[in-house]
Amino acid sequence: MSCFCASFRRPARSITMSRWLVFWIALTFLVRTTYCGKRDERKEKPEWAKKDIRDYNDVDLERLYDQWEEDEEPLEEDELPEHLRKPPKLDLSGVDLSDPENLLKITKKGKTLMSFVSVSGNPSRDELEEITKLWQIGRASCRERV
């Protein structure tokens, strides 16, 4: 039989049970955060890590990079650099292969392209900078979709 102190309060037995539950949850969290880490801080560093950073060779830098990347989550497909993304599948069935410009347009779809221009006349450096800015603005506005 449980004892009620007031009509709105819980029984005394459930109060002690909830305290034990909170205690065990807190203890579990404390143990997991303390002892389940990947590295033990008390362990001594390896020999290559004791070196001065200016004395690192390529192997040491590779180890340091591997250690850095160890806990990283893999990037999403759209966050990967372009050379690491999977190329889109090409459907060349309805394409006129005799038109090289159209073929280039289809094969380079979604990829970064470099464009080179020749400016006529003999513009000064400031004029070239201004022309470059105009090209960049025009190129950026062409990429935006309305």
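Here is a short chat about a predicted model of a protein chain.

Visitor: In which part of the protein chain is confidence highest?

Guide: Residues here are numbered from 1 along each chain as its sequence is written. Since this is a predicted model, local features need pLDDT of at least 70, side-chain atom pairs count only at pLDDT 80 or more, and totals for chains, interfaces and linings use all residues. The score, pLDDT, is the predictor's confidence in each residue, from 0 to 100, and the chain averages 78. Confidence is lowest in H1, at a mean of 74, and highest, at 87, in H3.

Visitor: Is Asp60 buried or exposed?

Guide: You'll find Asp60 in helix H3, residues 58-69 (helices are DSSP runs of H or I, at least four residues, numbered from the N terminus). Buried means under 20% relative accessible area, exposed over 50%, and partly exposed in between, with a 1.4 Å probe and protein chains only. Asp60 has 3% relative accessibility, so it counts as buried.

Visitor: Which residues is Asp60 in contact with, leaving aside its neighbours within four places in sequence?

Guide: Contact means heavy atoms within 4.5 Å. With those neighbours set aside, the partners of Asp60 are Trp48, Lys51 and Asp55.

Visitor: How does Trp24 count by relative accessibility, and what is the value?

Guide: Trp24 sits in helix H1, residues 12-35. It counts as partly exposed because its relative accessibility is 48%.

Visitor: What separates the C-alpha atoms of Lys109 and Pro88?

Guide: Lys109 lies in the loop between helix H4 (100-107) and helix H5 (125-143). Lys109 and Pro88 are 21 residues apart along the chain, and their C-alpha atoms are separated by 8.6 Å.

Key
Side-chain values use heavy atoms; hydrogens and water are left out. Helices (H or I, at least four residues) and strands (E, at least two) are DSSP runs, numbered from the N terminus.
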